[in-house]
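Here are a few short exercises to work through with the structure open beside you. Try each task before you read its solution.

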Amino acid sequence: TLQFRLVRAGDTPDILQLFQNSEKGETREAFRKKLDGFLSQPEEFSCSIVTDNDDSALALFVHGRGNSRGSLIPLLRTRSDRLAGTIARYLVARTTHESAREGMTTVVVSDPFLGEETTSAMHELGFVWTGTEWVKATIPGMTSLGGLASTVKHLAADSKLSAHCGEILTR
């Protein structure tokens with residue numbers, strides 16, 4: 001069973017060791033600064049560790065409170081083991097479903113140091129790479145044709161998404 005808990009003050013050394021992506025050129029100092037930035041803004045970001053029954057850390061998941069139209073995942077790291085892809089898919093799918101339920105129209109994953117398993121999960125879940133981040137459109141709940149048209153209009157108006165709008169909506 002996966003369990004979520006907020007990152008605690010003493011977790012930082014273990015997080016740095018487990019989730020820094022040095023294979024993609026991320027330095028320990030840059031990762032620490034990024035993590036500290038999220039931890040220093042609890043009103044903007046929720047920083048969670050995903051653990052198993054033995055309290056072993058499996059993933060680091062930062063969820064931005066975002067705005068009323070979108071949900072942001074600025075940091076998503078999994079341990080490099082056989083469950084990494086499954087855990088990444090679960091975390092992203094869960095956020096996508098929650099965002100749609102809350103009336104948000106997009107989910108953005110902006111972590112530039114995603115692992116290969118997480119990148120594969122992004123593809124499988126219908127996210128589109130915009131060149132700087134992964135984006136997926138969500139259609140909030142049951143909606144009328146007018147509501148759907150309004151959602152598409154908002155997506156097309158977003159300067160970051162306008163070039164990818166057709167691809168995002170067909171995934």
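**Exercise 1.** Find out what sits over the ring of Phe4.

*Solution.* Keep in mind that this is a predicted model. Start at the ring of Phe4 and look for a charged group: the charged end of Arg94 sits over that ring. Now check the distance, which is 4.2 Å from the ring centre. The cut-off for a charge over a ring is within 6 Å of the centre, and the pair also has to meet a limit of 35 degrees from the ring normal.

**Exercise 2.** Classify the aromatic pair of Trp129 and Trp134, then say how covered each partner is.

*Solution.* A search of the whole structure turns up two aromatic pairs. One of them is Trp129 with Trp134, at 5.3 Å centre to centre. Next, take the angle between the planes: 50 degrees. Stacked needs under 30 degrees and edge-to-face needs over 60, so an angle between those limits counts as tilted. That makes the pair of Trp129 and Trp134 tilted. Last, look at the cover. Trp134 has 6% relative accessibility and is buried, because buried means under 20%. Trp129, at 42%, is partly exposed.

**Exercise 3.** Place β4 in its sheet and name its partner strands.

*Solution.* First write down the strand order of the open sheet: β1-β2-β3-β4-β5-β7-β6, seven strands with mixed pairing. The edges belong to β1 (3–6) and β6 (128–129), each with a single partner strand, so one side of each has no neighbour in the sheet. Then go to β4. On one side, β3 (residues 57–64) pairs with β4 in the antiparallel sense over five bridges, and Val62 stands opposite Leu75. On the other, β5 (residues 106–109) runs parallel to β4, joined by four bridges; here Leu72 stands opposite Val108. To finish, check the cover of β4: eight of its nine residues are buried.

**Exercise 4.** Describe the largest pocket: how much space it holds, and what lines it.

*Solution.* Begin with the volume, about 340 Å³. Then turn to the lining, which has 17 residues; Asn21, Glu23, Thr78, Ser80 and Gly115 are the closest to the pocket centre. Next, ask which elements contribute: α1 (12–19), β4 (70–78) and α4 (116–124) each give at least two lining residues. Finally, sort the lining by type, and you get four nonpolar, seven polar and six charged residues.

Technical notes: Residues are numbered from 1 along each chain as its sequence is written. This is a predicted model: local features need pLDDT of at least 70, side-chain atom pairs count only at pLDDT 80 or more; totals for chains, interfaces and linings use all residues. Side-chain values use heavy atoms; hydrogens and water are left out. Rings of Phe, Tyr and Trp (its six-membered ring) pair if their centres lie within 6.5 Å; planes under 30 degrees apart count as stacked, over 60 as edge-to-face and the rest as tilted. Buried means under 20% relative accessible area, exposed over 50%, partly exposed in between (1.4 Å probe, protein chains only). On a 1 Å grid over the protein atoms alone, a cavity is a set of points where a 1.4 Å probe fits but cannot get out, and a pocket is an open set with protein on both sides within 12 Å along at least five of seven lines; lining residues have an atom within 4 Å of a point. Grid points are joined across faces, edges and corners, and a volume is the space filled by probe spheres set on the points. Ala, Val, Leu, Ile, Met, Phe, Trp, Tyr, Cys and Pro count as nonpolar, Asp, Glu, Lys and Arg as charged, and the others, Gly among them, as polar. Two strands pair if DSSP finds at least two bridges between them.
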